[in-house]
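The following paragraphs lead the reader through a predicted model. Please keep the sequence and the structure in view while reading.

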Amino acid sequence: MGCMTFYIFNRKGRCQYYHEWQRLKPIKQGAGSQDEDFKLMFGLCWSMRALATAVDPKNPSKQQMGAPMRIGDGCSFNSIKTSNFKLHYLESPSGLKFVLTTDPTVGSMVEQLQYIYASLFVELVAKNPLYTPGDAFL
Amino acid sequence: MPAMYSLWIVGRNGGLLYSRDFLPLPPIEFNDKLRLASSWFGMCGIAAQLSPVPDSSGIQLMQADTFDLHSFHTLTGTTFMLLTEPHTPDATELLRTTVYELYCDYVLKNPFHEMDQVVKSELFDHNLLALIGAINRRWGVGLVQQ
(Lines give C-alpha, C1' and ligand atoms only; values in the text may rest on other atoms or scores of the structure.)
Protein backbone atom coordinates (compact mmCIF):
# COMPACT_ATOMS: atom_id res chain seq x y z
CA MET A 1 0.00 0.00 0.00
CA GLY A 2 2.34 2.78 1.13
CA CYS A 3 2.24 6.39 0.08
CA MET A 4 -0.61 7.89 -1.86
CA THR A 5 -0.17 11.60 -2.44
CA PHE A 6 2.21 14.41 -1.47
CA TYR A 7 1.63 18.17 -1.44
CA ILE A 8 3.77 21.17 -0.61
CA PHE A 9 1.91 24.43 0.13
CA ASN A 10 3.44 27.83 0.65
CA ARG A 11 2.24 30.07 3.42
CA LYS A 12 -0.24 31.90 1.18
CA GLY A 13 -2.02 28.65 0.38
CA ARG A 14 -0.71 28.04 -3.14
CA CYS A 15 0.27 24.50 -3.91
CA GLN A 16 3.97 24.48 -4.85
CA TYR A 17 4.33 20.81 -5.61
CA TYR A 18 2.05 17.82 -5.94
CA HIS A 19 2.86 14.21 -6.61
CA GLU A 20 0.64 11.16 -6.52
CA TRP A 21 1.69 7.55 -6.38
CA GLN A 22 -1.71 6.00 -6.16
CA ARG A 23 -5.08 7.58 -5.79
CA LEU A 24 -7.81 4.98 -5.72
CA LYS A 25 -10.63 7.52 -5.50
CA PRO A 26 -10.40 9.90 -8.46
CA ILE A 27 -10.40 13.62 -7.74
CA LYS A 28 -13.71 14.03 -9.64
CA GLN A 29 -15.50 12.03 -6.94
CA GLY A 30 -13.80 13.85 -4.11
CA ALA A 31 -13.19 17.54 -4.55
CA GLY A 32 -14.19 17.89 -8.19
CA SER A 33 -11.09 19.42 -9.74
CA GLN A 34 -7.37 19.55 -8.99
CA ASP A 35 -7.64 23.20 -7.87
CA GLU A 36 -10.52 22.45 -5.54
CA ASP A 37 -8.56 19.54 -4.15
CA PHE A 38 -5.60 21.83 -3.37
CA LYS A 39 -7.85 24.43 -1.77
CA LEU A 40 -9.67 21.90 0.39
CA MET A 41 -6.46 20.24 1.48
CA PHE A 42 -4.90 23.55 2.47
CA GLY A 43 -8.06 24.56 4.27
CA LEU A 44 -8.18 21.28 6.16
CA CYS A 45 -4.57 21.65 7.31
CA TRP A 46 -5.04 25.28 8.27
CA SER A 47 -8.17 24.59 10.33
CA MET A 48 -6.66 21.55 11.98
CA ARG A 49 -3.67 23.59 13.01
CA ALA A 50 -5.89 26.34 14.43
CA LEU A 51 -7.83 23.69 16.33
CA ALA A 52 -4.65 22.10 17.68
CA THR A 53 -3.39 25.46 18.94
CA ALA A 54 -6.72 26.22 20.60
CA VAL A 55 -7.11 22.82 22.26
CA ASP A 56 -3.46 22.41 23.32
CA PRO A 57 -3.47 21.43 27.02
CA LYS A 58 0.13 22.44 27.71
CA ASN A 59 0.09 26.05 26.60
CA PRO A 60 -0.86 28.33 29.50
CA SER A 61 -1.17 31.55 27.51
CA LYS A 62 -3.51 31.00 24.65
CA GLN A 63 -5.12 33.51 22.42
CA GLN A 64 -8.72 33.41 21.41
CA MET A 65 -9.48 31.07 18.58
CA GLY A 66 -10.09 33.65 15.88
CA ALA A 67 -7.04 35.82 16.58
CA PRO A 68 -4.46 35.78 13.77
CA MET A 69 -1.53 33.52 14.62
CA ARG A 70 2.04 34.33 13.74
CA ILE A 71 3.69 31.82 11.44
CA GLY A 72 5.38 29.13 13.49
CA ASP A 73 3.44 30.03 16.64
CA GLY A 74 1.29 27.60 18.53
CA CYS A 75 1.04 23.85 18.56
CA SER A 76 1.05 22.03 15.27
CA PHE A 77 -0.34 18.58 14.70
CA ASN A 78 1.63 15.67 13.27
CA SER A 79 -0.93 13.39 11.74
CA ILE A 80 -4.62 12.70 11.18
CA LYS A 81 -5.90 9.16 10.81
CA THR A 82 -9.17 7.94 9.34
CA SER A 83 -10.28 4.40 8.62
CA ASN A 84 -8.64 4.35 5.15
CA PHE A 85 -5.77 6.78 5.13
CA LYS A 86 -3.40 8.70 7.33
CA LEU A 87 -2.35 12.25 6.62
CA HIS A 88 1.10 13.34 7.87
CA TYR A 89 1.84 17.02 8.21
CA LEU A 90 4.91 19.13 8.80
CA GLU A 91 5.00 22.91 8.95
CA SER A 92 8.34 24.61 8.58
CA PRO A 93 9.12 27.77 10.61
CA SER A 94 8.72 29.78 7.40
CA GLY A 95 5.16 28.55 6.93
CA LEU A 96 5.83 25.92 4.26
CA LYS A 97 3.45 22.99 4.67
CA PHE A 98 4.35 19.42 3.72
CA VAL A 99 1.41 17.01 3.52
CA LEU A 100 1.79 13.29 2.86
CA THR A 101 -1.07 10.78 2.73
CA THR A 102 -0.33 7.11 3.31
CA ASP A 103 -2.25 4.05 4.30
CA PRO A 104 -3.41 4.00 7.93
CA THR A 105 -1.02 1.34 9.21
CA VAL A 106 2.06 3.52 8.76
CA GLY A 107 3.66 4.79 11.99
CA SER A 108 5.12 8.22 12.55
CA MET A 109 6.56 9.92 9.49
CA VAL A 110 7.83 13.01 11.29
CA GLU A 111 11.48 12.17 10.62
CA GLN A 112 10.85 11.37 6.98
CA LEU A 113 9.03 14.65 6.46
CA GLN A 114 11.81 16.52 8.22
CA TYR A 115 14.31 14.80 5.95
CA ILE A 116 12.29 15.79 2.90
CA TYR A 117 12.28 19.38 4.11
CA ALA A 118 15.87 19.70 5.34
CA SER A 119 17.82 17.52 2.98
CA LEU A 120 15.72 17.62 -0.15
CA PHE A 121 13.71 20.83 -0.29
CA VAL A 122 16.23 23.19 1.31
CA GLU A 123 19.27 21.74 -0.40
CA LEU A 124 17.83 21.23 -3.84
CA VAL A 125 15.05 23.76 -4.22
CA ALA A 126 15.55 26.66 -1.83
CA LYS A 127 19.27 26.92 -2.50
CA ASN A 128 18.75 26.79 -6.24
CA PRO A 129 19.73 30.30 -7.51
CA LEU A 130 17.14 30.10 -10.28
CA TYR A 131 14.24 29.44 -7.91
CA THR A 132 12.00 32.28 -6.79
CA PRO A 133 10.40 31.54 -3.43
CA GLY A 134 6.64 31.28 -3.77
CA ASP A 135 6.70 29.77 -7.25
CA ALA A 136 5.26 26.40 -8.06
CA PHE A 137 7.84 23.96 -9.30
CA LEU A 138 7.57 20.73 -11.26
CA MET B 1 2.92 9.74 31.48
CA PRO B 2 -0.44 8.81 30.04
CA ALA B 3 -3.46 10.88 31.09
CA MET B 4 -6.97 11.71 29.91
CA TYR B 5 -7.62 15.40 29.74
CA SER B 6 -11.15 16.00 28.58
CA LEU B 7 -14.23 14.66 26.81
CA TRP B 8 -16.46 16.52 24.36
CA ILE B 9 -19.70 15.24 22.86
CA VAL B 10 -20.81 16.78 19.55
CA GLY B 11 -24.33 16.28 18.19
CA ARG B 12 -25.52 15.32 14.76
CA ASN B 13 -25.36 18.81 13.29
CA GLY B 14 -22.09 19.90 14.90
CA GLY B 15 -23.42 21.50 18.08
CA LEU B 16 -21.50 20.93 21.29
CA LEU B 17 -23.62 18.89 23.72
CA TYR B 18 -21.19 18.22 26.54
CA SER B 19 -17.69 19.16 27.53
CA ARG B 20 -15.81 18.11 30.64
CA ASP B 21 -12.21 18.51 31.81
CA PHE B 22 -10.78 15.80 34.03
CA LEU B 23 -7.52 17.54 34.85
CA PRO B 24 -6.64 21.22 35.32
CA LEU B 25 -6.28 22.62 31.82
CA PRO B 26 -5.78 26.14 30.46
CA PRO B 27 -9.31 27.50 30.18
CA ILE B 28 -11.00 27.70 26.80
CA GLU B 29 -13.79 30.26 26.33
CA PHE B 30 -17.18 28.66 25.96
CA ASN B 31 -17.78 30.33 22.60
CA ASP B 32 -14.44 28.99 21.40
CA LYS B 33 -15.48 25.50 22.46
CA LEU B 34 -18.63 25.78 20.38
CA ARG B 35 -16.60 26.90 17.38
CA LEU B 36 -14.04 24.16 17.84
CA ALA B 37 -16.73 21.50 18.05
CA SER B 38 -18.42 22.62 14.87
CA SER B 39 -15.10 23.03 13.02
CA TRP B 40 -14.11 19.53 14.04
CA PHE B 41 -17.39 18.23 12.74
CA GLY B 42 -16.97 20.01 9.41
CA MET B 43 -13.34 18.97 9.05
CA CYS B 44 -14.21 15.30 9.54
CA GLY B 45 -16.57 15.57 6.59
CA ILE B 46 -13.94 17.30 4.45
CA ALA B 47 -11.32 14.70 5.33
CA ALA B 48 -13.68 11.94 4.20
CA GLN B 49 -14.34 13.80 0.96
CA LEU B 50 -10.65 14.49 0.28
CA SER B 51 -9.59 10.94 0.96
CA PRO B 52 -7.50 9.35 -1.81
CA VAL B 53 -9.20 6.03 -1.04
CA PRO B 54 -12.97 5.54 -1.48
CA ASP B 55 -15.31 5.10 1.50
CA SER B 56 -13.31 6.78 4.18
CA SER B 57 -14.76 7.39 7.61
CA GLY B 58 -14.31 10.70 9.45
CA ILE B 59 -11.19 11.50 11.42
CA GLN B 60 -10.47 8.92 14.10
CA LEU B 61 -7.26 10.18 15.62
CA MET B 62 -5.32 13.43 15.49
CA GLN B 63 -1.81 13.34 16.90
CA ALA B 64 0.13 16.42 17.90
CA ASP B 65 3.27 17.00 19.95
CA THR B 66 1.49 17.66 23.21
CA PHE B 67 -1.77 15.73 22.89
CA ASP B 68 -3.77 13.08 21.03
CA LEU B 69 -7.38 13.67 20.08
CA HIS B 70 -9.41 10.47 19.69
CA SER B 71 -12.73 10.83 17.92
CA PHE B 72 -15.48 8.23 17.78
CA HIS B 73 -18.33 8.79 15.38
CA THR B 74 -21.34 6.61 16.21
CA LEU B 75 -23.73 5.09 13.69
CA THR B 76 -26.38 7.58 14.77
CA GLY B 77 -24.20 10.60 14.07
CA THR B 78 -23.03 11.64 17.53
CA THR B 79 -19.29 12.27 17.86
CA PHE B 80 -17.25 11.71 21.02
CA MET B 81 -13.89 13.48 21.26
CA LEU B 82 -11.38 12.49 23.93
CA LEU B 83 -8.28 14.60 24.51
CA THR B 84 -5.40 12.60 25.98
CA GLU B 85 -1.66 12.62 26.50
CA PRO B 86 0.24 11.25 23.45
CA HIS B 87 0.44 7.47 23.31
CA THR B 88 -2.13 6.82 26.01
CA PRO B 89 -2.90 3.12 25.80
CA ASP B 90 -6.46 1.90 25.14
CA ALA B 91 -7.95 5.36 24.75
CA THR B 92 -9.89 4.47 21.58
CA GLU B 93 -11.24 1.28 23.09
CA LEU B 94 -12.30 3.14 26.20
CA LEU B 95 -14.11 5.75 24.16
CA ARG B 96 -15.80 3.21 21.97
CA THR B 97 -17.00 0.91 24.71
CA THR B 98 -17.16 2.23 28.26
CA VAL B 99 -17.80 5.93 27.64
CA TYR B 100 -20.38 5.16 24.97
CA GLU B 101 -22.05 2.68 27.33
CA LEU B 102 -22.27 5.34 30.04
CA TYR B 103 -23.75 7.77 27.54
CA CYS B 104 -26.34 5.23 26.43
CA ASP B 105 -27.27 4.23 29.98
CA TYR B 106 -27.48 7.62 31.65
CA VAL B 107 -28.27 10.02 28.85
CA LEU B 108 -30.15 8.23 26.12
CA LYS B 109 -32.26 6.11 28.42
CA ASN B 110 -33.35 9.20 30.33
CA PRO B 111 -36.97 9.68 29.20
CA PHE B 112 -36.66 13.47 29.43
CA HIS B 113 -33.63 13.70 27.17
CA GLU B 114 -34.14 14.48 23.48
CA MET B 115 -31.62 13.86 20.70
CA ASP B 116 -29.19 16.74 20.09
CA GLN B 117 -30.08 18.39 23.36
CA VAL B 118 -27.34 19.56 25.69
CA VAL B 119 -26.44 16.74 28.10
CA LYS B 120 -27.40 17.58 31.66
CA SER B 121 -27.32 14.39 33.67
CA GLU B 122 -25.86 14.15 37.15
CA LEU B 123 -25.54 10.39 36.95
CA PHE B 124 -23.62 10.61 33.69
CA ASP B 125 -21.27 13.25 35.15
CA HIS B 126 -20.74 11.29 38.32
CA ASN B 127 -20.03 7.98 36.65
CA LEU B 128 -17.84 9.51 33.98
CA LEU B 129 -15.75 11.36 36.56
CA ALA B 130 -15.45 8.17 38.59
CA LEU B 131 -14.33 6.16 35.56
CA ILE B 132 -11.82 8.64 34.15
CA GLY B 133 -10.67 9.65 37.61
CA ALA B 134 -9.87 6.04 38.43
CA ILE B 135 -7.94 5.65 35.18
CA ASN B 136 -5.98 8.85 35.76
CA ARG B 137 -5.22 7.87 39.34
CA ARG B 138 -3.98 4.49 38.14
CA TRP B 139 -1.39 6.34 36.12
CA GLY B 140 -0.68 8.65 39.02
CA VAL B 141 -1.96 11.82 37.42
CA GLY B 142 -3.57 14.72 39.29
CA LEU B 143 -6.82 14.87 41.13
CA VAL B 144 -10.18 14.91 39.41
CA GLN B 145 -11.41 18.47 38.82
CA GLN B 146 -14.85 19.19 40.18
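Beyond its neighbours within four places in sequence, B:Met62 contacts residues of both chains. From chain A, the contacts of B:Met62 are A:Met48, A:Leu51, A:Ala52, A:Phe77, A:Ser79 and A:Ile80; from chain B, they are B:Trp40, B:Phe67, B:Asp68 and B:Leu69. In this predicted model, the largest nonpolar core comprises 69 residues, and B:Met62 and A:Leu87 are the two that touch the most other members. The element that gives the most to this core is helix α1 of chain A, residues 34–55, which supplies 11 residues. Another core, of 13 residues, lies apart from it and includes A:Tyr17, A:Leu90, A:Leu100 and A:Tyr131. In soluble globular proteins, nonpolar side chains tend to be buried together.

One of the contacts of B:Met62, A:Ser79, leads to the strands. A:Ser79 belongs to strand β3 of chain A. With a relative accessible area of 5%, A:Ser79 falls under the 20% limit and is therefore buried. Leaving out residues up to four places away in sequence, A:Ser79 touches A:Lys86, A:Leu87 and A:His88 in its own chain, and B:Leu61, B:Met62 and B:Gln63 in chain B. Strand β3 of chain A (residues 77–81) runs antiparallel to strand β4 of chain A (residues 86–91), and three bridges join them. At A:Lys81, the bridge partner in β4(A) is A:Lys86.

These strands take part in a wider arrangement. An open sheet of 10 strands with antiparallel pairing has the order β2(A)-β1(A)-β5(A)-β4(A)-β3(A)-β3(B)-β4(B)-β5(B)-β1(B)-β2(B). Its edges are β2 of chain A (15–20) and β2 of chain B (16–21), each of which pairs on one side only. On average, and with direction ignored, neighbouring strands of this sheet are turned by 10 degrees against each other. At the chain A edge, five bridges link β1 (residues 3–9) to β2(A) in an antiparallel pair, and A:Ile8 has A:Tyr17 as its bridge partner in β2(A). The two strands β1(A) and β2(A) form a hairpin with five residues between them, and in the turn A:Gly13 has a positive phi of about 105 degrees.

The helices of chain B come next. Helix α1 of chain B covers residues 30–50; at 1.5 Å a residue, its 21 residues should span 30 Å, and the end C-alpha atoms are indeed 30 Å apart. Its buried residues include B:Leu36, B:Trp40, B:Met43, B:Cys44 and B:Ala47. On the partner side, the buried residues of α1(B) pack against α1 of chain A as well as β1, β2, β3 (61–64), β4 (68–73) and β5 of chain B.

In helix α2 of chain B lies B:Leu95, which is buried because its relative accessible area is 0%. Apart from residues up to four places away in sequence, B:Leu95 touches B:Leu7, B:His70, B:Ser71, B:Phe72, B:Phe80, B:Leu82 and B:Tyr100. Before this helix, in the loop between β5 (79–84) and α2 of chain B, is B:Asp90. The phi of B:Asp90 is positive, near 65 degrees, although the residue is not a glycine. B:Asp90 counts as exposed because its relative accessibility of 59% is over 50%. B:Asp116, in the loop between α2 and α3 of chain B, likewise has a positive phi of about 65 degrees without being a glycine. With a relative accessible area of 28%, B:Asp116 is partly exposed.

Helix α3 of chain B, residues 122–138, agrees with its expected span: 17 residues at 1.5 Å a residue should cover 24 Å, and the end C-alpha atoms are 24 Å apart. Which residues of α3(B) are buried? They are B:Phe124, B:Leu128, B:Leu129, B:Ile132, B:Gly133, B:Ile135 and B:Asn136. Because these cover an arc of only 160 degrees around the axis, they lie on the same side of α3(B). An α-helix has 3.6 residues a turn, so residues three or four places apart point the same way. The buried residues of α3(B) pack against β1 (4–10), β2 and α2 (91–108) of chain B. The face turned away from that buried side carries the exposed residues B:Glu122, B:Leu123, B:His126, B:Arg137 and B:Arg138. After α3(B) comes B:Gly140, with a positive phi near 75 degrees.

Technical notes. Residues are numbered from 1 along each chain as its sequence is written. Chains are lettered from A and ligands numbered from 1 in the order in which they are written. This is a predicted model: local features need pLDDT of at least 70, side-chain atom pairs count only at pLDDT 80 or more; totals for chains, interfaces and linings use all residues. Side-chain values use heavy atoms; hydrogens and water are left out. A nonpolar core is a set of buried Ala, Val, Leu, Ile, Met, Phe, Trp, Tyr and Cys residues joined through side-chain atoms within 4.5 Å. Buried means under 20% relative accessible area, exposed over 50%, partly exposed in between (1.4 Å probe, protein chains only). Helices (H or I, at least four residues) and strands (E, at least two) are DSSP runs, numbered from the N terminus. Contact means heavy atoms within 4.5 Å. Two strands pair if DSSP finds at least two bridges between them. Axes are lines fitted to C-alpha atoms, for helices over the stretch in contact, and angles run from 0 to 180 degrees between N-to-C directions. The expected span of a helix is 1.5 Å times one less than its number of residues. The arc is that of the directions from the helix axis to the C-beta atoms.
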